[in-house]
Amino acid sequence: MSDYYNDFIKMEDPSTEWRRDAACTGIPTTDFFPERINASNAKDVERIFRVCKSCKVSAECLREAMINDHDGIWAYTTFKQRMKFKKFLTANNVEDITVEHCKSFLSVNKNGKSISINGVL
């Protein structure tokens, strides 16, 4: 596997500057791309989720993952969770996913509440 994360850090696009502040800097990229999440790797996945939850740029990370349909764990979400959120936004006529949408979703996700149009948008 290529060093996916470091390839991102090297990009000159100003919209990717947030990556320099990511809590995951220095952690092997492969840790964020488990083949499956199951009992055998649950502790490793929980460790990655803790790193993500402590990150000050998790909303920007989530937006990046959602607009590019990235696989793996991004902003303490799985691909399946992100696609569910994206489907929710699409159903509510949201065309452009913003950092604010992502902040709301992550806040709801941390608190274990269900997503609602009023709680997210």
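The structure holds one aromatic pair. Ring centres must lie within 6.5 Å for Phe, Tyr or Trp (its six-membered ring) to pair; planes under 30 degrees apart count as stacked, over 60 as edge-to-face and the rest as tilted. Phe 85 and Phe 105 form this pair, and it is stacked, at 4.1 Å centre to centre with 15 degrees between the planes. Phe 85 lies in helix H4 and Phe 105 in helix H5, so the pair ties together parts 20 residues apart in sequence. Phe 85 is buried at 0% relative accessibility. Phe 105 is buried too, with a relative accessible area of 5%. Buried means under 20% relative accessible area, exposed over 50% and partly exposed in between, with a 1.4 Å probe and protein chains only.

This is a predicted model: local features need pLDDT of at least 70, side-chain atom pairs count only at pLDDT 80 or more, and totals for chains, interfaces and linings use all residues. Residues are numbered from 1 along each chain as its sequence is written, and side-chain values use heavy atoms, with hydrogens and water left out.

## Fold and core

The chain has six helices and zero strands. Its pattern along the sequence is α-α-α-α-α-α. Helices (H or I, at least four residues) and strands (E, at least two) are DSSP runs, numbered from the N terminus. Of the 121 residues in the chain, 37% are buried. Contact means heavy atoms within 4.5 Å. Among contacts between residues at least 6 apart in sequence, 54% join residues at least 24 apart.

The largest nonpolar core has 29 residues; Phe 32, Leu 62, Leu 89 and Leu 106 touch the most other members. Helices H2 (42–53), H3 (58–67), H4 (79–91) and H5 (99–111) each supply at least two residues of this core. H3 gives the most, with five residues. Such a core is a set of buried Ala, Val, Leu, Ile, Met, Phe, Trp, Tyr and Cys residues joined through side-chain atoms within 4.5 Å.

Leu 62 shows where some of these contacts run. Leaving aside neighbours within four places in sequence, Leu 62 is in contact with Ala 75, Thr 77, Arg 82, Cys 102, Phe 105 and Leu 106.

## Helix H3 and the loop after it

H3 is mostly covered, with seven of its ten residues buried. They are Ser 58, Ala 59, Cys 61, Leu 62, Glu 64, Ala 65 and Met 66. Glu 64 is buried at a relative accessible area of 11%. The Glu 64 side chain makes a polar contact with the side chain of Arg 19, at 2.7 Å. A polar contact is a pair of N or O atoms within 3.5 Å; within protein, one must be able to donate a hydrogen and the other to accept it, and residues adjacent in sequence count only if both atoms are side-chain atoms.

Most residues other than glycine have a negative phi. Three exceptions are tabulated here.

| Residue | Place | Phi |
|---|---|---|
| Asp 69 | follows H3 | positive, near 50 degrees |
| Ala 75 | loop between H3 and H4 | positive, near 55 degrees |
| Tyr 76 | loop between H3 and H4 | positive, about 45 degrees |

Ala 75 is buried, with a relative accessible area of 1%. Tyr 76 is buried as well, at 4%. Lys 53 lies over the face of Tyr 76, at 5.5 Å from the ring centre. A charge sits over a ring if NZ of Lys or CZ of Arg is within 6 Å of the ring centre and within 35 degrees of the ring normal.

## Cysteines and Val 51

A search of the whole structure finds zero disulfides. A disulfide is a pair of cysteine sulfur atoms within 2.5 Å. Why is Cys 24 not bonded to Cys 55, which holds the closest cysteine sulfur? The two sulfurs are 6.2 Å apart, too far for a bond. For Cys 55, the closest cysteine sulfur is likewise in Cys 24. Cys 24 is buried, with a relative accessible area of 17%. Cys 55 counts as buried at 13%.

Val 51 sits in helix H2. At 16% relative accessibility, Val 51 is buried. Not counting residues up to four places away in sequence, Val 51 touches Ala 23, Cys 24 and Ile 27. The C-alpha atoms of Val 51 and Cys 24 are separated by 6.5 Å, though the residues are 27 apart along the chain.
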